[in-house]
Amino acid sequence: MSLIDQLAIVLHTVSAVLWVGGIFLAYRVLRPAAMTLEPPVRLNLWVNVFSRFFPWVWLFIVLLVVTGYWDWYARFGDLEVTPLYIHAMHIVGWVMIILFAWLYFVPFAKFKTLVSQQSYPDAGAIMNNQMRPVIAINLTLGVVEAIIGTSGPFWGG
């Protein structure tokens, strides 16, 4: 395995850990802590948090796609010899990316606008009914992805 192949694996792993770790921090730690704040303060906090985290997520996505395909090609070459767990990770990863893209371009865009207009009840509804479920799904998928990635080589076949 070349140094570039090893670097691709490291970048892939670190990108995945930071994306899913960031989701975990936001959903399981910051969200409950922020619930003690008044809605205007809480919703402005979320705009600030997501406005800082989401550009990093886009970088992680680019790195994950590039390094994932690099590793796939370097280790397996073509689809016929690629193990099932790699295909599973590929599918789950693209589902996560699509969900994030929708989250970013649709509800988050509306959410930012509503918060800037101080329409806090509407912004809260977007957060609770559209953003939060997608974040929870992506957190679950990210954990599933980690389980597949770490256990997949032992599946056999």
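**Group meeting: the core and the helices around it**

Okay, so let's start in the middle: the largest nonpolar core has 40 residues, and Trp19, Phe50, Phe54, Phe111 and Met131 are the ones with the most contacts inside it. By core I mean buried Ala, Val, Leu, Ile, Met, Phe, Trp, Tyr and Cys residues joined through side-chain atoms within 4.5 Å, with buried being under 20% relative accessible area (1.4 Å probe, protein chains only). At least two of its residues come from each of α1 (3-34), α2 (39-76), α3 (84-116) and α4 (120-151); helices here are DSSP runs of H or I, at least four residues, numbered from the N terminus.

Quick caveats: this is a predicted model, where local features need pLDDT of at least 70, side-chain atom pairs need 80 or more, and totals for chains, interfaces and linings use all residues. Numbering runs from 1 along each chain as its sequence is written, and side-chain values use heavy atoms, with hydrogens and water left out.

Back to Phe54: beyond its neighbours within four places in sequence, Phe54 is in contact (heavy atoms within 4.5 Å) with Phe100, Leu103, Tyr104 and Phe108. Leu99, in α3, touches Val134, Ile137, Asn138 and Leu141, again skipping residues up to four places away.

Now, where does α4 bend? There's a kink of about 40° at Met131, shortly before Pro133, taken as the angle between axes fitted to the seven residues ending there and the seven starting there.

Last one, Thr67 in α2. Thr67 is buried at 6% relative accessible area, and its side chain makes a 2.8 Å polar contact with that of His12, meaning a donor-acceptor pair of N or O atoms within 3.5 Å.

Terms used:
Buried < 20%, exposed > 50% of the residue type's maximum accessible area, 1.4 Å probe, protein only.
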